[in-house]
Amino acid sequence: MHRHGYKGRKFGRENDQRTALTRGLMRSLFKYKSINTTLAKAKEIRRPAEKLITIAKKGDLASRRLVIARLNDQLIGNNLVDVIAPQIKRDSGYLKIEHTGFRRGDNSEMATISFVDEIKDEVKEEKAEKKPAAKKEEK
């Protein structure tokens, strides 16, 4: 049988299970900024994750809703649009894959997928400016 025209890896899973796996890995990547997984899974999630980052960089309401729908997580989707995407200065190639060795149990090749740019966790806290209380003069 020929291999022409077949895209993607199956990972021994059905289509809905592969979709759930991809979404779960992308959620973890955007939550922890770096994940350690098998090389095949890292290569497989790189493309959809980079497409999602490109959508999030627009920052409008439609792109925010698309990101949330694709990740199935509102908190991480909003974090991607509000915190992560504005910190990325490049036009493409947002993620890097580094080989980390082999897994002990089954000798699978492992890799770490992370952002090329450094992503800082910005906590949005509005600090109210406190003026020192005026000291009352006692007579």
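User: In what sense do E2 and strand E3 pair, and over how many bridges?

Analyst: Strands of a sheet pair through backbone hydrogen bonds, either parallel or antiparallel. In this predicted model, E2 and strand E3 (residues 109-115) pair in the antiparallel sense over 7 bridges, and Gly101 has Met110 in E3 as its bridge partner. Two strands count as paired if DSSP finds at least two bridges between them, while helices (H or I, at least four residues) and strands (E, at least two) are DSSP runs numbered from the N terminus.

User: In what order do the 3 strands form the sheet, and which strands stand at its edges?

Analyst: The order is E1-E3-E2 in an open sheet with antiparallel pairing. Strand E1 (34-38) and strand E2 (95-102) stand at the edges, each with a single partner strand, so one side of each is left without a neighbour in the sheet.

User: Which strands does helix H2 touch?

Analyst: Contact means heavy atoms within 4.5 Å, and by that rule helix H2 (residues 39-58) packs on the sheet, touching E1, E2 and E3.

User: Is Lys41 of helix H2 buried or exposed?

Analyst: Lys41 is buried, that is, under 20% relative accessible area, where exposed is over 50% and partly exposed lies in between (1.4 Å probe, protein chains only). Lys41 has no salt bridge, meaning a side-chain nitrogen of Lys or Arg within 4 Å of a carboxyl oxygen of Asp or Glu; the nearest side chain of opposite charge, Asp106, is 8.6 Å away. Not counting residues up to four places away in sequence, Lys41 touches Phe11, Arg13, Leu21 and Leu25.

Notes: Residues numbered from 1 in each chain as written. Predicted model: local features only at pLDDT ≥ 70, side-chain atom pairs only at ≥ 80, totals over all residues. Heavy atoms only, no water. Axes fitted to C-alpha atoms, helices over the stretch in contact; angles between N-to-C directions. Lys, Arg positive; Asp, Glu negative; His and termini not counted.
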